[in-house]
Amino acid sequence: MLRIRLTRKGFRKQPHYRVVVADQRAPRDGAFVDIIGHYNPRTGPESLHVDQEKARAWLGKGARPSDAVAKLFRRQGITA
């Protein structure tokens, strides 16, 4: 099953994240199918950029968002 989830990037104590579509059995920072956005919680207002067309397409194909990504999608107005 495919999941839409965050992968961690950045240096120690300076995280930023990619929003990716990956197999649920793959490790957190392992192989992924597609990058659909990025998220940086360290900026003034948190910056989140998601390609909404790609996100809706993957949700339509059956990919399920993780809890954290579901919360971010609700903020952006993306629903399944």
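Here are legends for four close-up views of this predicted model.

**View 1. The sheet and its two edges.** The five strands make an open sheet in the order β4-β3-β2-β1-β5, and the pairing is mixed. Out at the edges sit β4 (47-50) and β5 (64-65), each with a single partner strand, so one side of each has no neighbour in the sheet. Look at where β3 (residues 34-40) meets β4: the two pair in the antiparallel sense over four bridges. Gly 37 stands opposite Val 50 of β4.

**View 2. Two helices across the strands.** Helix α1 (residues 52-60) lies across β1 (2-11), β2 (14-23), β3, β4 and β5, and runs at about 125° to β3. Helix α2 (residues 67-76) also lies across β1, β2, β3, β4 and β5, at about 95° to β1.

**View 3. Inside the largest nonpolar core.** Of the 15 residues here, Ile 4, Ile 36 and Phe 73 touch the most other members. At least two core residues come from each of β1, β2, β3, α1 and α2. Zoom in on Phe 73 and you'll find contacts with Ile 4, Ile 36, Val 50, Ala 55, Leu 59 and Ile 78, leaving aside residues up to four places away in sequence.

**View 4. The two faces of α2.** Val 69, Ala 70, Leu 72 and Phe 73 are the buried residues of this helix. Down the axis of α2 they fall within an arc of 165°, so they line one face of the helix. Their cover includes β1, β2, β3, β4, α1 and β5. On the face turned away from the buried side, α2 carries the exposed residues Asp 67, Arg 74 and Arg 75. Just past the end of α2, Gly 77 takes a positive phi of about 85°.

Technical notes:
Residues are numbered from 1 along each chain as its sequence is written. This is a predicted model: local features need pLDDT of at least 70, side-chain atom pairs count only at pLDDT 80 or more; totals for chains, interfaces and linings use all residues. Side-chain values use heavy atoms; hydrogens and water are left out. Two strands pair if DSSP finds at least two bridges between them. Contact means heavy atoms within 4.5 Å. Axes are lines fitted to C-alpha atoms, for helices over the stretch in contact, and angles run from 0 to 180 degrees between N-to-C directions. A nonpolar core is a set of buried Ala, Val, Leu, Ile, Met, Phe, Trp, Tyr and Cys residues joined through side-chain atoms within 4.5 Å. Buried means under 20% relative accessible area, exposed over 50%, partly exposed in between (1.4 Å probe, protein chains only). The arc is that of the directions from the helix axis to the C-beta atoms.
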